[in-house]
Amino acid sequence: MPGFLRPLTRAVTYTRGAHLLIGSVIAWVLAMVHPGLSRPSYGMWLLVLADPIPLLVLVAMVPAVRRAEGLQARMMLFPGPHARVEGGQDDPGVSVAPSASWRDRARTAVWLVLRVEAGCAVVLLTGQLMGVVFASLGASDEPADSDGLILPVVRGWAAVPVGVVALLAAFATVVVAGRMLAWAASRLLGPSPAERLAAMEERTEQLLERNRIARELHDSIGHALTVAVVQAGAARAASDPEFTARALEAVEETGRAALEDLERVLRVLREDEQPVSGRPALTDADRLLQSARASGAKVDVEVSGPVERLPGPVSREGYRMLQEALTNVLRHSGPVPVRLRIAVDDARLVMNVRNALPGAAGSTGRGGSGLRGIRERATLLGGRATTGPHDGEWQVHVELPLK
């Protein structure tokens, strides 16, 4: 089939045509009342197009109208890959959220006016073209002006090719108008700045979570496999049954710990449907402090600034960093006194965790995967984190920008 006839076989051509037709209905309903459609003049046709505008602007002020228009546009202008749309995609870039600002309402009003006016224009033009088709093929013997036709009607031997051209022109009008309306929908009904920010925040959270899961799996499983390989090789080379038993016991304990870590990570993956807003943030830090105190640590806390106003990603990642810092204290130093300082201002979040060193072992300056994870989280958010001995204590210092 020739390329220019391909749109005739695509469902999207007809769903877009229906969308245009539905959009023009309100104009025709109003035209029945004023000015009426009995032999309208050109001025009356302009009035038909202008009458719906005040009503459309008023309707666009209702927040739910944007959601309804977005759903219609998704279903009829972007029906998806099954309709064989060129460059079709699952996400057409049309929002289905209600209007959240006056800017959203203004864009919805422009969309409604454009949809109605485009629908009326397409109906009038295709009506003229189809009238020419029927008149050229002899379906009507009345004069063209009595049928309301503006386009000329050709009789005789040229009637058939003219009718075919007029029919193709009618289809081309629907195809072109449908594509233009789809383009306009993605601009006028597309996500607002607030929705784009929320989507970016969600994406940032997903990337951070994936990075953390990959890091934990690498550290846990990689460590377990390394221990197992080394111990198995040593046991095979040794001829001491007691050494072999100890090596197998070490492999068993390491494997069991790795399985526990794997189960915990898989549990996180199974809970991937949990919304970002439902995940713990710095405002939920009390649960971490209670857990640390229950383990015997004496935690002194000082908080300044509006922690509850922190951006979502910063607050949630701050919670994870604090969790890693307190876990590191309990794992390497035991139940020692801990000082926690959290300061929030207009530009940044500063979090400082300090604890007494457990002795020479604590002064190596070497951090585990938890401390490395803190530094990676801070870097992903555009901040910085330092960990290590400071003034005779172990310190985790985090600074995250808020803008």
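Tutor: pLDDT is the predictor's confidence in each residue, on a range from 0 to 100. This is a predicted model, with a mean pLDDT of 78 for the protein chain.

Student: Where in the protein chain is confidence lowest, and where is it highest?

Tutor: Helix H7 (residues 193–237) has the lowest confidence, with a mean of 69, and strand S2 (residues 337–344) the highest, at 93. Over the chain, 77% of residues reach 70 or more. Residues 360–367 have pLDDT below 50, and this stretch makes eight contacts beyond near neighbours in sequence.

Student: What makes S1 and S2 a pair of strands?

Tutor: Pairing needs at least two bridges between the strands. Strand S1 (residues 298–304) is joined to S2 by seven, so the two count as paired, and they run parallel. Within S2, Ala343 stands opposite Ser304.

Student: Why is the unit of S1, helix H10 and S2 called left-handed?

Tutor: With the strands pointing away from the viewer, a clockwise path from the first strand over the helix to the second would be right-handed. The β-α-β unit of S1, H10 (residues 312–332) and S2 is left-handed, so its path does not run clockwise in that view. H10 also lies across S2, strand S3 (348–356) and S5, at about 5° to S3.

Student: What makes S1 and S4 edge strands?

Tutor: Each pairs on one side only. The open sheet has five strands in the order S1-S2-S3-S5-S4, with mixed pairing. Neighbouring strands are turned by 10° against each other on average, direction ignored.

Student: How do you know that S4 pairs with S5?

Tutor: Seven bridges join S4 to strand S5 (residues 393–401), against a requirement of at least two, so they pair; the two run antiparallel. One of the bridge partners in S5 is Glu393, matched with His390.

Student: Why is Arg107 with Asp104 called a salt bridge?

Tutor: The cut-off is a side-chain nitrogen of Lys or Arg within 4 Å of a carboxyl oxygen of Asp or Glu. The closest N and O atoms of Arg107 and Asp104 are 4.0 Å apart, so the pair qualifies. Both residues lie in helix H5 (residues 102–136), three residues apart, about one turn of the helix. The whole structure holds nine salt bridges.

Student: Which residues make the contact between H1 and H4?

Tutor: Thr15, Arg16, Ala18, His19 and Ile22 of H1 meet Gln72, Ala73 and Met76 of H4. They divide into four nonpolar, three polar and one charged. H1 (residues 11–33) and H4 (residues 63–76) pack at an angle of about 150°, with axes 9 Å apart.

Conventions. Residues are numbered from 1 along each chain as its sequence is written. This is a predicted model: local features need pLDDT of at least 70, side-chain atom pairs count only at pLDDT 80 or more; totals for chains, interfaces and linings use all residues. Side-chain values use heavy atoms; hydrogens and water are left out. Axes are lines fitted to C-alpha atoms, for helices over the stretch in contact, and angles run from 0 to 180 degrees between N-to-C directions. Helices (H or I, at least four residues) and strands (E, at least two) are DSSP runs, numbered from the N terminus. Contact means heavy atoms within 4.5 Å. Ala, Val, Leu, Ile, Met, Phe, Trp, Tyr, Cys and Pro count as nonpolar, Asp, Glu, Lys and Arg as charged, and the others, Gly among them, as polar.
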